[in-house]
2 protein chains.
Amino acid sequence: MAEMAEDGQGGGPRPGGAKGRPTLRTIAYMTGLGVTTVSRALNDAPDIGQATKERVRLVAGQIGYRPNRAGVRLRTGKTNVISLILSVETEVLGLTPHLVHGISERLAGTPYHLIVTPYDPRTDPLGPVRYIVETGSADGVIFSRIEPEDPRVRYLRERGFPFATHGRTAMDIVHPYFDFDNERYAEIAVRRLAARGRERLALLPPPANLTYCQHMSTGFARALDRLDLTEIPIREVTIDSAHEAIEAEVGRMMRSARRRPDGFVCGSASAAIAVISGAEAAGFEIGRDFDLAVKDSFHMMEKFRRQTVVIHEDFRAAGAFLADAVTRTLAGVPPGELQRIDVPPDA
Amino acid sequence: MAEMAEDGQGGGPRPGGAKGRPTLRTIAYMTGLGVTTVSRALNDAPDIGQATKERVRLVAGQIGYRPNRAGVRLRTGKTNVISLILSVETEVLGLTPHLVHGISERLAGTPYHLIVTPYDPRTDPLGPVRYIVETGSADGVIFSRIEPEDPRVRYLRERGFPFATHGRTAMDIVHPYFDFDNERYAEIAVRRLAARGRERLALLPPPANLTYCQHMSTGFARALDRLDLTEIPIREVTIDSAHEAIEAEVGRMMRSARRRPDGFVCGSASAAIAVISGAEAAGFEIGRDFDLAVKDSFHMMEKFRRQTVVIHEDFRAAGAFLADAVTRTLAGVPPGELQRIDVPPDA
DNA sequence: GTACAAATCTGAAACGATACAGTAAACCCG
DNA sequence: CGGGTTTACTGTATCGTTTCAGATTTGTAC
């Protein structure tokens with residue numbers, strides 16, 4: 001084990017004006033105050049004189065003091081870390097980078113750091129959450145792929161551990177979340193496909209275990225009912241399926257007279273690519289033989305298949321809101337005030 | 001400031017069999033050994049008996065002991081954190097999520113955590129690096145957007161701080177890196193466009209300050225020379241420009257008889273979308289009026305513009321290699337052994 | 001002038017880990 | 001069997017911070 005940049009800390013109790021990074025001791029020495037006083041002054045404690053506080057803050061600012069995170073963490077248990085738990089089943093298009101950037105933008109300027117914890121939802125849904133709680137390696141967590149009865153939500157709430165979710169549960173637990181109104185999305189999507197004269201619509205949904213699958217299906221079904229359109233069911237694949245599987249299934253549907261849709265509502269941009277590709281491979285053309293609606297946070301569809309019905313979903317805003325929700329939870333804001341549903345505009 | 005999940009730690013020196021998370025003290029109490037012995041046993045120190053080591057490890061395993069990171073960090077300065085420094089100018093398509101997943105996959109099972117630090121390359125190239133070194137908030141860093149004379153590389157090496165870069169410098173400093181052979185990429189791209197009979201080629205390069213811009217330009221120029229083709233220069237825009245700017249510039253080029261290329265070599269997938277879109281908006285068709293080559297880690301181009309010449313770049317492998325490079329640097333492996341250039345296959 | 005309260009400030013202890021400088025026992029040698 | 005070495009283990013100090021329980025000074029009331 002090589003120890004790089006070791007600073008050889010032998011040599012007895014060193015004076016306040018030490019060499020390395022300034023600590024409370026350094027400030028205490030410079031101001032002539034006690035370490036305790038300096039600490040309390042910087043934390044704006046009520047029993048420290050105003051003049052002293054200002055003097056301490058001035059010195060601290062001048063010498064570029066920053067509290068040692070390990071010291072704080074050891075003493076208080078506060079890590080100043082927010083953990084984003086990411087599925088390794090990457091939604092390659094857009095979600096991850098936008099979410100990450102939204103979060104870290106909002107965290108910049110706060111004492112919080114963002115750490116990314118990967119997990120495999122199939123084998124280990126509770127693993128990372130449990131790890132974080134048990135080891136106390138973060139003050140709060142953010143995660144997505146929320147289920148109606150989400151064990152992570154229950155686990156965290158039972159232990160009073162702060163979190164915010166990207167998506168809603170169907171539980172009676174009130175917790176911070178950001179969600180896109182997928183019910184509304186599906187309705188709008190159907191409406192706009194209907195406006196193009198489409199009548200036989202298929203929904204390529206998210207995996208059935210996720211809450212927003214139900215939302216999307218509900219909105220889809222209701223709009224179909226209202227407009228008196230036909231649903232062509234898709235059962236074999238979801239937006240999480242491999243592209244090849246989606247393409248194959250769409251190909252089969254298009255080639256079958258009975259099961260052929262003339263419109264698709266798609267749960268993700270990535271899946272939409274596969275749908276279009278599968279339909280085209282079977283000889284069908286978007287805009288002519290079928291239409292497709294999709295959520296997108298990127299402008300790719302609009303460029304490559306201008307006929308696509310695109311409804312914008314803002315993952316960066318989601319990240320920013322979630323970061324905010326967690327830090328405000330840590331500041332004591334009640335969860336009921338930290339919920340938002342992003343409703344797509346009807347236009 | 002609400003304190004959640006506080007565990008009320010009053011009550012005098014508590015016994016070894018405490019309530020909360022097990023510490024070295026817990027194990028010491030259970031085994032009847034001293035705390036020091038337990039620590040050294042777990043760290044496989046040479047002066048601890050074999051039998052004792054095994055006994056300690058057994059107990060530690062049974063009760064699920066995990067070292068307190070804050071304790072270790074405070075005492076030793078070791079954070080067990082790798083920081084990925086990400087530009088907020090997101091390369092939305094593919095790079096970020098793949099890199100993040102590649103890194104965290106490789107870090108899983110090690111004691112290392114991944115933290116993501118955002119920065120704005122225009123205003124603050126050195127900022128996050130300096131912050132990390134000064135506050136000691138990570139053991140090593142990974143970053144991209146490398147310049148031939150990269151101040152971050154110099155800064156880190158001067159201070160002996162471990163790092164690995166995604167991209168190369170032109171400096172004499174030997175350091176760990178992963179790079180894609182962009183020179184080779186450009187050559188292959190040109191060759192394949194030439195094979196389609198294209199003769200007037202334009203390169204949409206990365207920003208000129210990045211090292212791989214030079215690599216790509218060199219490869220491009222050399223292949224043009226060798227095959228006796230014409231270069232149509234692009235000066236106004238790079239792959240980092242706004243899509244609108246790229247579209248506009250490509251539109252102008254296509255409409256001008258003198259400046260019209262019949263082939264594009266593109267530095268990124270995102271930019272390629274804009275190029276195609278710009279050319280199509282001007283009434284030109286890929287495969288008929290022009291061809292385009294692009295690096296892609298996703299399979300979108302192949303689906304939407306089947307004529308595209310796609311050369312695959314594996315960002316996940318990059319992430320895995322870089323994570324490995326940093327941890328191995330920390331383990332004392334010399335930097336010269338931690339370099340890799342990913343050469344795209346000629347096929 | 002005494003008693004009490006308020007306003008400021010402070011040392012010691014603790015969080016969990018490891019480095020250092022030992023100590024105790026066993027072993028080896030002539 | 002004394003002296004020296006080796007083996008195995010341990011107490012103390014320390015990293016930087018905050019909490020706790022005072023301590024000191026000043027102000028106020030009677």
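This passage describes the arrangement of the two protein chains, the contacts with DNA strand C and the second largest cavity in a predicted model.

The relation between the protein chains was examined by superposition. In general, two copies of a chain are related by a rotation about an axis and a shift along it. Here, a turn of 180° with a shift of 0.0 Å along the axis lays chain B on chain A, with an RMSD of 0.1 Å. The two copies are therefore related as by a two-fold rotation axis. The interface agrees with this description: 100% of the interface residues of chain B are also interface residues in chain A, so the copies meet through the same surface.

DNA strand C is surrounded by 27 residues, of which A:T37, A:T52, B:S39, B:Y65 and B:R75 come nearest. Of the strand atoms within 4 Å of the protein, 57% belong to sugar or phosphate, and the rest belong to bases. Polar contacts involve both kinds of group. On the base side, the side chain of A:T36 places an N or O atom 2.8 Å from a base oxygen of DNA strand C, and the side chain of A:D47 has an N or O atom 3.0 Å from a base nitrogen of the strand. On the phosphate side, a phosphate oxygen of DNA strand C lies 2.9 Å from a backbone N or O atom of B:N68. The elements that contribute two or more residues to this surface are α2 (35-42) and α4 in chain A, together with α2 (35-42) and α4 in chain B. Among them, α4(B) gives the most, with five residues. By class, the surface near DNA strand C comprises 10 nonpolar, 13 polar and four charged residues.

Internal space was also considered. Rolling a probe the size of a water molecule over the atoms shows where empty space is left. Across the whole structure, five cavities of 30 Å³ or more were found. The second largest cavity has a volume of about 140 Å³. Its lining consists of 14 residues, and those closest to the cavity centre are A:R73, A:V81, B:R69, B:R73 and B:V81. Two or more lining residues are supplied by each of α4 (69-76) and β2 (113-119) of chain A and α4 (69-76) and β2 (113-119) of chain B. The largest share of the lining, three residues, comes from α4(B), the helix that also gives the most residues to the surface near DNA strand C. The lining of this cavity divides into five nonpolar, five polar and four charged residues.

Notes: Residues numbered from 1 in each chain as written. Chains lettered and ligands numbered in written order. Predicted model: local features only at pLDDT ≥ 70, side-chain atom pairs only at ≥ 80, totals over all residues. Heavy atoms only, no water. 1 Å grid on protein atoms, 1.4 Å probe; cavity = no way out; pocket = protein on both sides within 12 Å on 5 of 7 lines; lining within 4 Å. Points joined across faces, edges and corners; volume = space filled by probe spheres on them. Helix = DSSP H or I, 4+ residues; strand = E, 2+ residues; numbered from the N terminus. Nonpolar A, V, L, I, M, F, W, Y, C, P; charged D, E, K, R; others polar. Near = heavy atom within 4 Å. Polar contact = N/O pair within 3.5 Å; in protein donor to acceptor, adjacent residues only side chain to side chain. Least-squares fit on C-alpha atoms with pLDDT ≥ 70 in both. Contact = heavy atoms within 4.5 Å.
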